[in-house]
Amino acid sequence: MPSTQGSLVASLAMPGCFLVLMTLLTGCAGGLPPVAHSGVEETVQNEDSFLLSQSRQRLAGNDGQSGFYMLDSGQEAFLSRAALIAAAEHSIDAQYYIWSNDPSGRYLAGRMLLAADRGVRVRLLLDDFNAGGIGELLAALDTHPGIQVRIFNPARSRGGWGRWVSFLMDFDRINRRMHNKTFVVDGAAGIVGGRNIGDEYFGFAADRYFRDRDVLALGPVVDGMTDNFHVYWNNRWAYPVSALYPDVPAEGDVAAALDGLRRQARTQAGLPVPAPADTAQGRAELTGLLDQLTVAPGELVFDSPFETMEEPAETPKRSAKALQQLAQSATREILIESAYLILTGEQLKLLDLGDRQGLQVAALTNSLATNDLVTNHAGYARWRSYMLGQGIEIYELKPDAQACQQWLNTDGFCSTGQVSLHSKSVVFDRSTLVVGSFNVNLRSIYLNGETVLIIHSAELAKEVAQDIRSVMHPRNSWEVSLDDSGDLQWRSGEASYTSEPTVGWWRRAKSRFLSWLPVEKYL
């Protein structure tokens, strides 16, 4: 299972491998040189697209505000992307940390290929950390005259142990990941949030579901998504995939691979739900969603790549500063929903949470039982008691959360599969909502490129706040607190535990051992 956080340290689950890594942190940086692009590419604005027409009609007279629709359901998040591709007339710009080579990933790639066949310009930008398993497919797509694929901040070696050696020997650079996630069509409509592209994010996988949240948007905030895309697309660390995979299969093999993608997209092979099959169905699907837009002021904040990969990562990035300002302005309540949660003394001192009377701060995160990465949980566990001592309420998701039935609407998975929290949302005073790729941890603050959408809407803020609070309920989560002796305890209704609930001793032991290591910045 790939890391969803973008951390080299987090991907090494075994303590032995972890210790070997620690000895190589200062290893020589012998990676790839940056690439020189022939020119700066921009989005060509078109005046005749269906999506631009929808934006104008629905936002007319709203004085620069944008329209937002919350994509809480994984299935709806998938169908909205499929509908946007089907409705595309001029351009598709997709930027993701993970694009999986599974049924949903191959279907969406195949639909973009079909869009390119009808004249749509397609640009796909992926972070390299999880691109090893799909590189050859990306290289095949890149041979299409209407498709360009670039890989951000790549390792020199493309597979096997050599790839891990590349990561280790170029540790500082490789840790600067592009965690941003945006999907823009015709420069007029876009999706931003926490989901990657893969079955487990859309509720299609049989063994794991990542609970997450995206936003479909029209209006000025889409310009911010486009700016975010171009800053990375034109960056000197965004490599053409053809330069990384020069030995693409023979021309006949490429043609066969692309025909296979087209066939899979047309037949919707492996998909558990029917997706829009043509432009008319895509427009109809989108029209139903856009009829439910909430119009409000909003802004997109994104982190630019480091100027140089040797630049010290010691200053909070732009997205972190935006969240800090919102937190410092809150007077009543801050609700945090974050898959990975680490706030140390330095960050909490800046927020001054304890000095504001009447301010309640509550956080929902993964338990050891639901976290996909023991290493990341260990970093959180290292600071958990401290965060509690500073007055933060903490709730950890249960693996058998009853909310699973609402998220997936299926009995089969919820009785056998693994549910994990992947959402990244914060609500301030139930008046301002933030949704994006930003986990409330040190990696997002200092190292990753992140994207956050800030929406000033009491309606949407209250909606998400109620959802977060419902998952904090004892039927879905354990409340973690300190007892009179300062020891941790987990409570759910009348049930109480003095150690991490519903996990075996070995998983607890690994988490405890790793929590002793001061490497939380890399988790």
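How much space lies in the largest cavity? About 330 Å³. The notes below start there and then move through the rest of this predicted model.

1. **The largest cavity.** The whole structure was searched for cavities of 30 Å³ or more, and four turned up. The largest of them holds about 330 Å³ of space. Its lining is made of 21 residues. L323, Q324, L343, L351 and V440 are the closest of these to the cavity centre.

2. **What builds that lining.** Five elements each supply at least two lining residues of the largest cavity: α13 (318-329), β12 (333-338), α14 (345-351), β16 (424-428) and α18 (442-447). Helix α13 gives the most, with five residues. The lining of this cavity has 18 nonpolar residues, two polar and one charged.

3. **The largest pocket.** The volume of the largest pocket is about 400 Å³. Lining it are 16 residues. Nearest the pocket centre lie R384, L488, W490, E500 and R512. At least two lining residues come from each of α15 (374-389), β20 (488-492) and α20 (505-515). The largest share is that of α20, again with five residues. By class, the pocket lining divides into six nonpolar, four polar and six charged residues. Set this beside the cavity lining, with its 18 nonpolar, two polar and one charged.

4. **The disulfide.** How many disulfides does a search of the whole structure find? One. C404 and C414 form the bond, with their sulfur atoms 2.0 Å apart. The torsion about the S-S bond of C404 and C414 is about -90 degrees, so the disulfide is left-handed. C404 belongs to helix α16 (residues 404-408) and C414 to helix α17 (residues 411-416), so the pair ties together parts ten residues apart in sequence. Both C404 and C414 are buried.

5. **Aromatic pairs: F78 and Y107.** The count of aromatic pairs comes to 14. One of the pairs is F78 with Y107. Their ring centres are 5.7 Å apart and their planes stand at 45 degrees, so this pair is tilted. F78 sits in helix α3 (residues 74-87) and Y107 in helix α4 (residues 103-117), so the pair ties together parts that are 29 residues apart in sequence. F78 and Y107 are each buried.

6. **Aromatic pairs: F152 and Y232.** Is the pair of F152 and Y232 edge-to-face or tilted? The ring centres of F152 and Y232 lie 5.4 Å apart with the planes at 70 degrees, so the pair is edge-to-face. It links distant parts of the chain, 80 residues apart: F152 is in strand β4 (residues 147-152), Y232 in helix α9 (residues 220-233). F152 has 2% relative accessibility and counts as buried. Y232 is buried too, because its relative accessible area is 1%, under the 20% limit.

7. **An aromatic cluster.** F78 and Y107 are also part of a cluster. Ring pairs link them with F202 and F204.

8. **Arginines over rings.** Two arginine placements deserve a look. R176 lies over the face of F306, 4.3 Å from the ring centre. R318 lies over the face of F302, at 5.5 Å from the ring centre.

9. **Y386.** Helix α15 contains Y386. Is Y386 buried or partly exposed? Its relative accessible area is 32%, so Y386 is partly exposed. G219 is 167 residues away from Y386 in sequence. In space, the two are 42 Å apart, C-alpha to C-alpha.

10. **Helix α2 and the residue G61.** Which residues of helix α2 (residues 50-59) are buried? They are F50, L51, L52, Q54, S55 and L59. An α-helix has 3.6 residues a turn, so residues three or four places apart point the same way. G61 follows α2. The phi of G61 is positive, near 75 degrees.

Definitions and conventions. Residues are numbered from 1 along each chain as its sequence is written. This is a predicted model: local features need pLDDT of at least 70, side-chain atom pairs count only at pLDDT 80 or more; totals for chains, interfaces and linings use all residues. Side-chain values use heavy atoms; hydrogens and water are left out. A disulfide is a pair of cysteine sulfur atoms within 2.5 Å. Helices (H or I, at least four residues) and strands (E, at least two) are DSSP runs, numbered from the N terminus. Buried means under 20% relative accessible area, exposed over 50%, partly exposed in between (1.4 Å probe, protein chains only). On a 1 Å grid over the protein atoms alone, a cavity is a set of points where a 1.4 Å probe fits but cannot get out, and a pocket is an open set with protein on both sides within 12 Å along at least five of seven lines; lining residues have an atom within 4 Å of a point. Grid points are joined across faces, edges and corners, and a volume is the space filled by probe spheres set on the points. Ala, Val, Leu, Ile, Met, Phe, Trp, Tyr, Cys and Pro count as nonpolar, Asp, Glu, Lys and Arg as charged, and the others, Gly among them, as polar. Rings of Phe, Tyr and Trp (its six-membered ring) pair if their centres lie within 6.5 Å; planes under 30 degrees apart count as stacked, over 60 as edge-to-face and the rest as tilted. A charge sits over a ring if NZ of Lys or CZ of Arg is within 6 Å of the ring centre and within 35 degrees of the ring normal.
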